[in-house]
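Student: Please take a close look at one part of this model for me. I would like one strand and its surroundings, told in a connected way.

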Amino acid sequence: MDYKNLLLEKNENLLVITINRESKLNALNSKTLEEIKDAFQNAYDDESIRAIIITGKGEKAFVAGADISEIKDLNELNARKFSEEGQEIFQSIETCPKPVIAAVNGFALGGGCELALACHIRIASDNAKFGLPEVSLGIIPGYGGTQRLPQLVGKGIANELILTGDMISAQRGYEIGLVNHVVPQEQLMEKAKGLVNKILKKAPLAVSHAIDCINASFSHNTGYQTEANAFSSAIKTDDFVEGTSAFLEKRKAIFQGK
Ligand code: COA
């Protein structure tokens, strides 16, 4: 596949995937998601790749969410598909037998936060911001955020973050266990690569089995289906139309609860 929105750089056993839509803060449109799916499939199949780092282009954003200009055209039926397909791609990241590290270099919002949550380890630059602001758009997180955030930070803090849609700093992310390390932006890739090098010295099969076992502790989770159902229900509300229109028109949304 010819990648339009990803940059791929392979160095020995490490693949660095950079999401490259800087003018839209690396928002995940359908083409970018398709490319991420393909890149992970290839990395999975390529025996010479033993670890993956995913990051965003530029100094401002990791990924500022799913692309709102595409979301606004969803209907109830294709919204379920949209959510399920995103869930599936992010699950393929979570279950990748090779360690996947998110190097979060700026905004990680909505689908961007969910992408980071699906990775095995998150390192953030000190300017990074995390959040699941979907309720501000009249929807809910649809790419696994309602499931993985509580797994990582606990139910109470996940409730607060998802229900308020608040953004938090990298430092706060570190305090609640969302982020493993916070470093100055210029040291972000060095820190991520340092961690990769440590893991690469360990037995590859043991590393894969460990990833598998850790994932297995959450494997009886039916919440993803509930999330996809709730995401597609939200799409038929007037509040969703208002929320997405308000973002694109750069104004505050006024919700009616309908
Ligand atoms: N989808 C589509 N476009 C997006 C986007 C998204 N999720 N996030 C940012 N962009 C676009 C903006 O529309 C803008 O495009 P334009 O220059 O063509 O108008 C460009 O990226 C820059 O964003 P802008 O909002 O001007 O930057 P900012 O510094 O003022 O604000 C954010 C940064 C991240 C706070 C703001 O962009 C934002 O709230 N983004 C949406 C976050 C979100 O709700 N994500 C969840 C989606 S489900």
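Tutor: What follows starts with strand β2, moves to its partners, and then turns to the ligand and the cysteines. Keep in mind that this is a predicted model.

Start with β2 itself. The strand spans residues 14–19, and six of its six residues are buried. Cover comes on both faces. One side carries Leu 14, Val 16 and Thr 18. The other carries Leu 15, Ile 17 and Ile 19. Each of these side sets is buried.

Now the partners. Strand β1, residues 6–11, runs antiparallel to β2, and six bridges join the two. One position to find is Lys 10, whose bridge partner in β2 is Leu 15. β1 and β2 form a hairpin with two residues between the strands. Look there for Glu 12, which takes a positive phi near 50°.

Strand β3, residues 51–56, also pairs with β2. Here the sense is parallel, again over six bridges. Val 16 stands opposite Ile 53 of β3. Val 16 is also one of the buried residues on its face of β2. How does the chain get from β2 to β3? It passes through helix α1, residues 30–45, in a β-α-β crossover that is right-handed.

Next, the ligand. Which residues are closest to it? Of the 20 residues that surround the ligand, the closest are Lys 24, Lys 60, Ala 64, Ala 66 and Ile 68. Lys 60 offers a side-chain N or O atom 2.6 Å from an oxygen atom of the ligand. Lys 250 places a polar side-chain atom 3.1 Å from a ligand oxygen atom. Ala 64 uses its backbone: an N or O atom there lies 3.0 Å from a nitrogen atom of the ligand. Taken alone, the ligand exposes 860 Å², and the protein buries 70% of that.

Last, the cysteines. The structure holds zero disulfides. Why is Cys 96 unbonded? The closest cysteine sulfur, in Cys 119, is 9.7 Å from the sulfur of Cys 96, which is too far for a bond. A disulfide needs the two sulfur atoms within 2.5 Å. Cys 119 is likewise in no disulfide, with the sulfur of Cys 96 as its nearest cysteine sulfur. Is Cys 96 buried or exposed? Cys 96 counts as buried because its relative accessibility is 1%. Cys 119 counts as buried because its relative accessibility is 5%. The cut-off for buried is under 20%.

Methods: Residues are numbered from 1 along each chain as its sequence is written. This is a predicted model: local features need pLDDT of at least 70, side-chain atom pairs count only at pLDDT 80 or more; totals for chains, interfaces and linings use all residues. Side-chain values use heavy atoms; hydrogens and water are left out. Buried means under 20% relative accessible area, exposed over 50%, partly exposed in between (1.4 Å probe, protein chains only). Helices (H or I, at least four residues) and strands (E, at least two) are DSSP runs, numbered from the N terminus. Two strands pair if DSSP finds at least two bridges between them. A crossover is right-handed if, with the strands pointing away from the viewer, the path from the first strand over the helix to the second runs clockwise. A residue is near a molecule or strand if one of its heavy atoms lies within 4 Å of it. A polar contact is a pair of N or O atoms within 3.5 Å; within protein, one must be able to donate a hydrogen and the other to accept it, and residues adjacent in sequence count only if both atoms are side-chain atoms. Accessible areas come from the Shrake-Rupley method with a 1.4 Å probe; for residues, only the protein chains shown count as cover.
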